[in-house]
Amino acid sequence: MKNHNFLAMIFRMKNINRWGLMYNTYEESLTTHTLECAFISHMLCTIGNLYYNKNYDADKVACYSLYHDATEIITGDLPTPIKYYNQEIKNAYKKIEKEATKKLLELLPTEISNVYEHYLNPGIDTISTEELKIIKIADTLCAYIKCSKEISNGNNEFLKAKNQIKEKLDNYKSEELSYFMDNFLHTFNLSLDELEK
């Protein structure tokens, strides 16, 4: 029955904590991150479709977002400075991710595995380059929001990370992202009372 263990393994995302090298005022699990990334990617697609004449499949992008870091169940969350330290480490980590993807897919019956392979290993035959970019932007936004919340909680350990991530966001040159930054971003640091006004 090993080939029915996939979802039970996916549910272990909640055991993987992100930002492991940093002091955190609150823990962020991989489950929390992937769900928030799906919410944001869906919103970015909606913004693009409504205001910038894009043709994103928002539901599909949100679903792909839910699996964008699934391999970390096996690999753990390797800190970005290590993951991208040099090309050799980057290439080695890509091989590890490929093996982790294979292991996860082996936990499904073949017919279902053929469907989920697209989510775990997206290609342009199933999702466009633009839609994959939306997932990357959402992923980066999640990191930026985490840094902002940590800093607003008095944790200055996230200052450098926030600045680096902001630079990355600026380089995306995305209309959807600009709209999000102008209209949504400030709300993440509001109190409950302020949100309900």
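Me: Why does Val61 count as buried?

Reply: This is a predicted model, and in it Val61 has a relative accessibility of 0%. Buried means under 20%, so Val61 qualifies. The residue sits in helix 3.

Me: What is Val61 in contact with, leaving aside its neighbours within four places in sequence?

Reply: Ser41, Cys45, Ile127, Glu131, Ile134 and Ile135. The cut-off here is heavy atoms within 4.5 Å. Take Ile135 from that list: Val61 and Ile135 are 74 residues apart in sequence, yet their C-alpha atoms are 7.1 Å apart.

Me: And Trp19, what makes it buried or exposed?

Reply: Trp19 comes out at 14% relative accessibility. That value is under the 20% limit, so Trp19 is buried. You'll find Trp19 in the loop between helix 1 (6–10) and helix 2. One thing to check on your backbone plot: phi of Trp19 is near 60°, a positive value in a residue other than glycine.

Me: Which side of the cut-offs does Lys173 fall on, buried or exposed?

Reply: Exposed, with a relative accessible area of 70%. Exposed means over 50%, so Lys173 fits that label. Lys173 also has a positive phi, about 50°, although it is not a glycine. Its place is in the loop between helix 9 and helix 10.

Me: Why is Thr31 called partly exposed?

Reply: Its relative accessible area is 33%. The label covers values between the 20% and 50% limits, so Thr31 is neither buried nor exposed. Thr31 lies in helix 2, and beyond its neighbours within four places in sequence it is in contact with Met13 and Lys14. Ser174 is another matter: its C-alpha atom is 26 Å from that of Thr31, with the two positions 143 residues apart along the chain.

Me: Zooming out, how do you know that the chain is as compact as a globular protein of its length?

Reply: First, the make-up: the chain has 11 helices and zero strands. Its radius of gyration is 17 Å, close to the 16 Å that the globule rule gives for 197 residues, so the chain is as compact as a globular protein of that length. Along the principal axes, the C-alpha atoms fill a box of roughly 50 × 40 × 35 Å. As for contacts with a separation of 6 or more, 71% are between residues 24 or more positions apart.

Me: What makes a set of residues here a nonpolar core, and which residues have the most contacts inside the largest one?

Reply: The members must be buried nonpolar residues joined through side-chain atoms within 4.5 Å. The largest such core has 30 residues, and Ile40, Leu44, Leu141 and Leu169 have the most contacts inside it. Helix 2 (30–51), helix 3 (58–66), helix 8 (129–152), helix 9 (159–171) and helix 10 (175–183) supply at least two residues each. Helix 8 gives the largest share, 10 residues. Another core lies apart from this one, with 13 residues, among them Phe6, Leu104, Leu105 and Leu120. As a rule, nonpolar side chains in soluble globular proteins tend to be buried together.

Me: Which residues does Leu141 touch, not counting those up to four places away in sequence?

Reply: Ile40, Leu44, Leu169, Leu177, Phe180, Met181 and Leu185.

Me: What share of the chain counts as buried, and what covers its surface?

Reply: Of the 197 residues, 38% are buried. The accessible surface is about 11900 Å², and 54% of that belongs to carbon and sulfur atoms. On the charge side, there are 23 positive and 28 negative charges, with mean positions 5 Å apart.

Technical notes:
Residues are numbered from 1 along each chain as its sequence is written. This is a predicted model: local features need pLDDT of at least 70, side-chain atom pairs count only at pLDDT 80 or more; totals for chains, interfaces and linings use all residues. Side-chain values use heavy atoms; hydrogens and water are left out. Helices (H or I, at least four residues) and strands (E, at least two) are DSSP runs, numbered from the N terminus. The radius of gyration is taken over C-alpha atoms; the globule rule is 2.2 Å times the number of residues to the power 0.38. Buried means under 20% relative accessible area, exposed over 50%, partly exposed in between (1.4 Å probe, protein chains only). Accessible areas come from the Shrake-Rupley method with a 1.4 Å probe; for residues, only the protein chains shown count as cover. Lys and Arg count as positive and Asp and Glu as negative; His and the chain ends are not counted. The place of a charge is taken as NZ of Lys, CZ of Arg, CG of Asp or CD of Glu.
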